[in-house]
Amino acid sequence: MHAPVRAALKSIVGSAHYRDSDGDLVPFSRDATPLFSARPEAVVFPADTGEVSAILSLATRHGVPVIARGAGTNLCAATVALRGGIVMALTRLNRILEVAPAELLARVQPGVTSSALADAATDHDLLWAPDPGSRTAATIGGTIATNAGGLRGLKYGVTRDYVLGLEAVLPTGEVLRTGGRLHKDVAGYDLTRLLTGSEGTLAVVTEATLALRPAPQTSGTGVAYFSDLAAAGRAVTAIISSGVLPATLEFLDRSCIEAVEAFAGLGLRLDAGALLLFGDDGEPDAVTQALARMSDACAAQGALEITRAAHIAEAEALLAARRCALPALSRLGALTILEDATVPRPRIAEMVERIEVIADHCGVTIATFGHAGDGNLHPTCVVGSPDDTDALAHAEQAFKEIFNAAIELGGTITGEHGVGAAKLPYLPAQLGSDQIALLRRVKNAFDPAGILNPGKLGS
Ligand SMILES: Cc1cc2nc3c(=O)[nH]c(=O)nc-3n(C[C@H](O)[C@H](O)[C@H](O)COP(=O)(O)OP(=O)(O)OC[C@H]3O[C@@H](n4cnc5c(N)ncnc54)[C@H](O)[C@@H]3O)c2cc1C
């Protein structure tokens, strides 16, 4: 990047919000994805839409890559500056502009964290439903750009179900407003949905209008242990077939149960092959009834033990078992590679069996947990050392086979973490070359100079 571009960036954001020293660039060379890193040439922290627009039009004029970044918690190397350029951190745009209970919506800047919005909604007895495990750090901009899911996906859907309107800046600097405050609006192509999940490759989101829901009056949680995952998978099908749409339906396999128990000492049963965490929210009577039905469905599928939380603290302890799966597994080796694949719900047990066979023949350790209600699995590979190139090659081979298995079973290579740079090589197997070509044409329409997050979606 030439000196005049650096000088222009400084004058747009002010020297205090421009960084290009080695030490300052290091934290922006990585995100939460292991094994990917690349040093950007500068990091800028714009204060408003005008500055975002000025940076983007400057970058387009000079052909300099720009990578929009929220908290950098993505797990697909979506914010790694593979081709250098400018990392644009949106963390200063962190204001909740409005919560409107009468319209069940909020208007926020992209740097607001998911949990800050959830807290603001709770103050009005409302619910911000998207609930990624990373919610205390993840920003709304990143959540929209990855179309993040979370623990409530089965009942409440994912981020795209809540994005009503966006203000976004195109790579040329034009400010675009899509959608708005309406829950019904079918005028034109749905650009709001196109931008949601576009992983920072089409435009930079500078404001979002988001749907909220009335907060549920109460919630209830239970846990069921099974001898194996196949039985837990049958229980998932039985629960859904019983007419309940649970707010929570999560599973851990045997290795995860062992790791979580060693990490958190929650008193989990170590002789079980699978654990199913179930829960619902709503009116107290309806929650009691839903939990009873879910318990019955688990019992009918031969659950070894079923416990229902008697109070909120107990429910939180049960949910902690699911939330701490990743940190618990991370203690087992120097490098933990968390992946994401989704299959149709009735095929979860089959997919887990395929993962076990693949792990075995590739000679790697893989533990699996995930959102059973969504068919969304997180196979997680633990490697002893990041320098063990053989082990890394085996892990890569295992994941390649896992993604192929997901596609074969009618699923997807990513249910919620996104494509980024990490999954890009696997995308053609799922979409086919015609659709990849169409994606490139869409990218080109938004970003003719190809400056936004190059080397990712649309490349
Ligand atoms: C412990 C842990 C748990 C997680 N749990 C979940 C989970 O349950 N469900 C889930 O879906 N994900 C989960 N994730 C993944 C990740 O946290 C989410 O994808 C999150 O929404 C990313 O937000 P972020 O602010 O960190 O975005 P970043 O990582 O900074 O960016 C992600 C993508 O969004 C783009 N982007 C960021 N801001 C903007 C903007 N303003 N305009 C345009 N593009 C932008 C970036 O260019 C990049 O492509 C988890 C990650 C971790 C580490």
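Two strands count as paired where DSSP finds at least two bridges between them, and I took helices (H or I, at least four residues) and strands (E, at least two) as DSSP runs numbered from the N terminus. I am working on a predicted model, in which local features need pLDDT of at least 70 and side-chain atom pairs count only at pLDDT 80 or more, while totals for chains, interfaces and linings use all residues. Residues are numbered from 1 along each chain as its sequence is written.

Entry 1, the antiparallel sheet. I looked up E5 and found that this strand pairs with strand E6 (residues 105-108) in the antiparallel sense over 4 bridges, with Val 108 in E6 as the bridge partner of Ile 96. Both strands belong to an open sheet of 5 strands in the order E5-E6-E10-E8-E9, with antiparallel pairing. I noted strand E5 (96-100) and strand E9 (175-179) as the edge strands, each pairing on one side only.

Entry 2, the mixed sheet. I then traced an open sheet of 4 strands, ordered E1-E2-E4-E3, whose pairing is mixed. Strand E1 (18-19) and strand E3 (66-69) stand at its edges with a single partner strand each, so one side of each has no neighbour in the sheet. Within this sheet, strand E2 (residues 42-44) and strand E4 (residues 86-89) pair in the parallel sense over 3 bridges, and I found Ala 42 opposite Ile 86 in E4.

Entry 3, Met 1. I placed Met 1 in the segment before H1. Is Met 1 buried, exposed or partly exposed? I recorded it as partly exposed, because 17 other C-beta atoms lie within 10 Å (20 or more would make a residue buried, 12 or fewer exposed, with C-beta atoms placed from the backbone). Setting aside neighbours within four places in sequence, I listed the contacts of Met 1 as Arg 6, Glu 41, Ala 42 and Val 64, a contact being a pair of C-beta atoms, placed from the backbone, within 7 Å.

Entry 4, H13 and H14. Helix H13 (residues 348-362) packs with helix H14 (residues 389-408) at an angle of about 155°, the axes being 9 Å apart; axes are lines fitted to C-alpha atoms, for helices over the stretch in contact, and angles run from 0 to 180 degrees between N-to-C directions. I therefore entered H13 and H14 as roughly antiparallel to each other (over 145 degrees; under 35 is roughly parallel, 65 to 115 roughly perpendicular, and the rest oblique). Among the residues that meet, I noted Met 351 and Ile 355 in H13, and His 394 and Ala 398 in H14.

Note on methods
Two residues are in contact if their C-beta atoms, placed from the backbone, lie within 7 Å.
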